[in-house]
Amino acid sequence: MPFIVWTSELSVDVKMLDNDHKRMAILINDLHDGLMTGRDNKALELIFDELVACTRVHFAHEERILADAGYSGAAAHKQEHEQKVKHLLYLQARFGSARESADYLEVLDRLKNWLFTHMESSDKEFVAHLKASGVDSILAGWNKPA
């Protein structure tokens with residue numbers, strides 16, 4: 001059974017954002033699986049690096065969507081993202097310095113909570129605004145040639 005199981009309750013009903021969230025969950029699951037199967041630290045560090053990169057891309061997606069949709073809380077949400085990246089980097093450092101299984105598992109539990117908190121609270125706050133703003137047409141406009 002995966003460490004994080006994707007359910008419809010986790011969805012924010014914006015396909016691009018859900019896909020980003022699913023990718024982050026997969027990477028956290030990969031970290032967990034790697035730890036449980038004894039993968040070497042370098043391989044685990046690479047997975048964590050990918051999680052950080054994926055998170056930065058995801059936050060950029062959200063910030064652009066919110067700006068394009070004229071969301072009044074966009075600036076506050078961007079500040080929240082900055083704090084979440086700092087927290088993620090802190091967890092990455094803790095993971096890198098862990099020596100005992102319990103330390104690694106604590107970081108993984110915190111990562112899971114970090115992702116769920118992001119999806120279930122902060123992201124769900126702006127979904128109604130995005131839907132009212134026509135998020136699908138906003139995203140469709142991103143793919144049109146300039």
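Let's start with helix H3. H3 has 24 residues, and from first C-alpha to last it reaches 35 Å, close to the 34 Å expected at 1.5 Å a residue. Keep in mind that this is a predicted model.

Which residues of H3 are buried? Ala-74, His-77, His-81, Lys-84, Val-85, Leu-88, Leu-91, Gln-92 and Phe-95. Those buried residues pack against H1, H2 and H4.

Take H2 as the partner. H2 covers residues 41-68, and H3 covers residues 74-97. Their axes are 10 Å apart, at an angle of about 180°. Angles over 145 degrees count as roughly antiparallel, so H2 and H3 are roughly antiparallel to each other. Now the side chains. On the H2 side of the contact we have, among them, Leu-44, Phe-48, Leu-51, Val-52, Phe-59 and Leu-66. Charged names turn up there too, including Asp-49, Arg-56, Glu-62 and Glu-63. H3 answers with residues including His-77, His-81, Lys-84, Leu-88, Leu-91 and Phe-95. By class, the H2 contact with H3 divides into twelve nonpolar, four polar and six charged residues.

Between H2 and H3 there is a loop, and Ser-72 lies in it. Is Ser-72 buried or exposed? Its relative accessible area is 76%, so Ser-72 is exposed. Look across from there to Phe-126. The two are 54 residues apart in sequence, yet 9.5 Å apart in space, C-alpha to C-alpha.

Phe-126 takes us to H4. This helix spans residues 101-132, which is 32 residues. H4 reaches 46 Å from first C-alpha to last, close to the 46 Å expected. There is a kink, though. It is about 45° and is centred on Asp-123. After the helix comes Gly-134, with a positive phi near 75°.

What does H4 pack on? One partner is H1, at an angle of about 170°, with the axes 10 Å apart. That angle is why H1 and H4 are described as roughly antiparallel to each other. H1 brings residues including Leu-17, His-21, Met-24, Ile-28, His-32 and Leu-35. From H4 come, among them, Tyr-104, Leu-108, Trp-114, His-118, Met-119, Asp-123 and Phe-126. The class count for H1 with H4 is 15 nonpolar, three polar and one charged.

Two histidines of H1 deserve a stop. First up, His-21, in the helix of residues 15-36. Its relative accessible area is 0%, so His-21 is buried. Which residues does His-21 contact, leaving aside neighbours within four places in sequence? Trp-6, Val-12, His-58, Glu-62, Leu-115, His-118, Met-119 and Asp-123. Note Asp-123 in that list; the kink in H4 is centred on Asp-123. Note Glu-62 as well, which is also one of the H2 residues meeting H3.

Next, His-32, again in H1. At a relative accessible area of 14%, His-32 is buried, because the cut-off is under 20%. Not counting residues up to four places away, His-32 touches Phe-3, Leu-105 and Leu-108. Leu-105 and Leu-108 belong to the H4 side of the H1 contact.

One last stop, ahead of H1. Asp-13 sits in the segment before that helix. Asp-13 is not a glycine, but its phi is positive, about 65°.

Key. Residues are numbered from 1 along each chain as its sequence is written. This is a predicted model: local features need pLDDT of at least 70, side-chain atom pairs count only at pLDDT 80 or more; totals for chains, interfaces and linings use all residues. Side-chain values use heavy atoms; hydrogens and water are left out. Helices (H or I, at least four residues) and strands (E, at least two) are DSSP runs, numbered from the N terminus. The expected span of a helix is 1.5 Å times one less than its number of residues. The bend at a residue is the angle between axes fitted to the seven residues ending there and the seven starting there. Buried means under 20% relative accessible area, exposed over 50%, partly exposed in between (1.4 Å probe, protein chains only). Contact means heavy atoms within 4.5 Å. Axes are lines fitted to C-alpha atoms, for helices over the stretch in contact, and angles run from 0 to 180 degrees between N-to-C directions. Angles under 35 degrees count as roughly parallel, over 145 as roughly antiparallel, 65 to 115 as roughly perpendicular and the rest as oblique. Ala, Val, Leu, Ile, Met, Phe, Trp, Tyr, Cys and Pro count as nonpolar, Asp, Glu, Lys and Arg as charged, and the others, Gly among them, as polar.
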